[in-house]
Amino acid sequence: MLITDVLVAGAGPTGLALAVDLARRGVDVRIIDQAPAHFAGSRGKGLQQRSLEVLADLGVGDAVAAAGWTPPTRVTVRGGPVRESPPGDALILPQSIVEAILRDRLAELGVTVEFDTALIGLAQAADHVVASTSRGDVAARYLVGCDGGRSTVRKTLGVPFEGESSDATSVVLGDVEVRGLSRECGHLFIDPARGMLALTPFRAVPQWQLVAAAPDVGEPSAAEFRRQIDLFTGLSDVTIGEPTWMSTYRVNVRMTRQFRVDRVFLAGDAAHVHPPAGGLGMNTGIQDAYNLGWKLARTLAGTASPTLLDTYQQERVPIAEWTLETSRSGLGSMWSSVTNGEGSLDAVRRPEHRQLELGYRGGPLSRDLVPWDGPRAGDRAPWLAEIGGGGFTVLGFGAAAEALDALHGATVRPMPGDQDVLVLVRPDGYVGMVAGSGDVQQVQDYLDRP
Ligand SMILES: Cc1cc2nc3c(=O)[nH]c(=O)nc-3n(C[C@H](O)[C@H](O)[C@H](O)COP(=O)(O)OP(=O)(O)OC[C@H]3O[C@@H](n4cnc5c(N)ncnc54)[C@H](O)[C@@H]3O)c2cc1C
């Protein structure tokens, strides 16, 4: 049987980002999805700053920037004045467009999503894994389950998915064309006695995203959307078209702490699900993928330490824990601000939602050999716009720049400064090592076998 390097199960944002990262590194990757065709809804509609850096490195920065925007929001609290809330940091665009852009990039790299192909089981061997799919068996060196919150891969592995789920449906959402409201901003209508209605226009498609959160929401339908608009706005001149996508949402706060079982990995919603407050889900999945991509590529190329793949779980579990806690507390604060009539968006637009401060300090790949005033090992490297990503870079600050010539396997770059320090930046844009000019061998060892 032919063995592919990596099989990605699930072509949502996580699976697509991973497939792009692997394909651009020359890894032989296949990506399957059980759906007959691509997903067409707006669902996760915000790309955070860190994801924008990642997507730029994956070659789609301009495409997402052109398709998204950062609108202000007009907040109307029943019985209160209308307030303009300034734009947040996240780039607003439908998840379906993010996925389409990633699919196009993947096609450029010669890989197409194999739709209508469900993973139904898997069996692990010493040096490969065989996935049973609805279209036959696929053998791969590694399998990554990016198959969403109900992940078949996770269930087949039998790893616990700890946390809580609510049975109550209190949110309906969908994509509809809206007339009678300005397209120049988002609109948030708050009724402290009932809940909230958010209407967000997009740049790239005529539809808006409608989200109604109230204890009495019914099944999603055009009539239900109309009813919620009437109840929340009282504006009869606001009209809507036929919804092109509809869904309901229940609060789930769950994660696994086993992101890896031998040759099988879990990423994105397959590994963690949480409330949408703060807009972190799709972003955290894309960043899981970005953490794993280079590690799989190095391991397949035989240029990694045997423990490099373990670091995926070691580094991403704490991030998932942070994401669950941040979105859970954000949801609570947002709901308080709705019910007390304040209507503030602060709870879902905190600086930490940009995910720029997240990192891997103290983690297995973070080594501080010398002190300095700059970022520590594990921090996101702040020079990415200048140095780019994708591979290892070693920056030589001050007199340490003279040591750069002795290094191989990395892009090297002298940097101005009065501290003599070598800073090794990982392929995913985090500082891996801070070293002195006498530590060239340690830096080289890191580059040779991270
Ligand atoms: C109301 C709402 C608002 C949200 N807002 C935001 C936001 O602003 N920002 C944000 O970052 N996130 C947001 N999210 C969350 C975001 O939508 C998810 O976190 C994101 O879709 C997860 O991506 P994923 O690729 O991991 O999984 P998914 O998008 O669920 O993709 C999984 C894919 O796997 C496929 N699949 C499933 N089972 C199998 C199988 N057995 N075999 C093969 N394929 C399979 C599915 O068809 C699907 O295409 C929001 C979610 C909701 C519901």
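## Domains

This predicted model carries a domain assignment with three entries: domain 1 (3-68 + 92-166 + 252-354), domain 2 (171-249) and domain 3 (367-448). Domain 1 is written as separate segments, while domain 2 and domain 3 are each written as a single range.

The centres of domain 1 and domain 2 lie 28 Å apart, taken over C-alpha atoms. Domain 1 gives 15 residues to the contact between them, and domain 2 also gives 15 residues. On the domain 1 side, seven of these residues are nonpolar, seven are polar and one is charged.

## Around the ligand

The ligand has 34 residues around it. Gly12, Gly44, Gly148, Gly268 and Gly281 come nearest. By class, the shell holds 14 nonpolar, 15 polar and five charged residues.

Two helices each supply at least two residues of this shell: α1 (13-24) and α7 (281-301). Which element gives the largest share of the shell? That is α7, with four residues.

## Gly438

Where does Gly438 lie? Gly438 sits in the loop between β26 (431-435) and α10 (440-448). Is Gly438 buried or partly exposed? Gly438 counts as partly exposed because 13 other C-beta atoms lie within 10 Å. A buried residue would need 20 or more such atoms, and an exposed one 12 or fewer.

Gly438 can also be placed relative to Arg250. In sequence, Gly438 and Arg250 are 188 residues apart. In space, 56 Å separate Gly438 from Arg250, C-alpha to C-alpha.

Notes. Residues are numbered from 1 along each chain as its sequence is written. This is a predicted model: local features need pLDDT of at least 70, side-chain atom pairs count only at pLDDT 80 or more; totals for chains, interfaces and linings use all residues. A residue is near a molecule or strand if its C-beta atom, placed from the backbone, lies within 6 Å of it. Ala, Val, Leu, Ile, Met, Phe, Trp, Tyr, Cys and Pro count as nonpolar, Asp, Glu, Lys and Arg as charged, and the others, Gly among them, as polar. Domain bounds come from an automatic or database domain assignment. Two residues are in contact if their C-beta atoms, placed from the backbone, lie within 7 Å.
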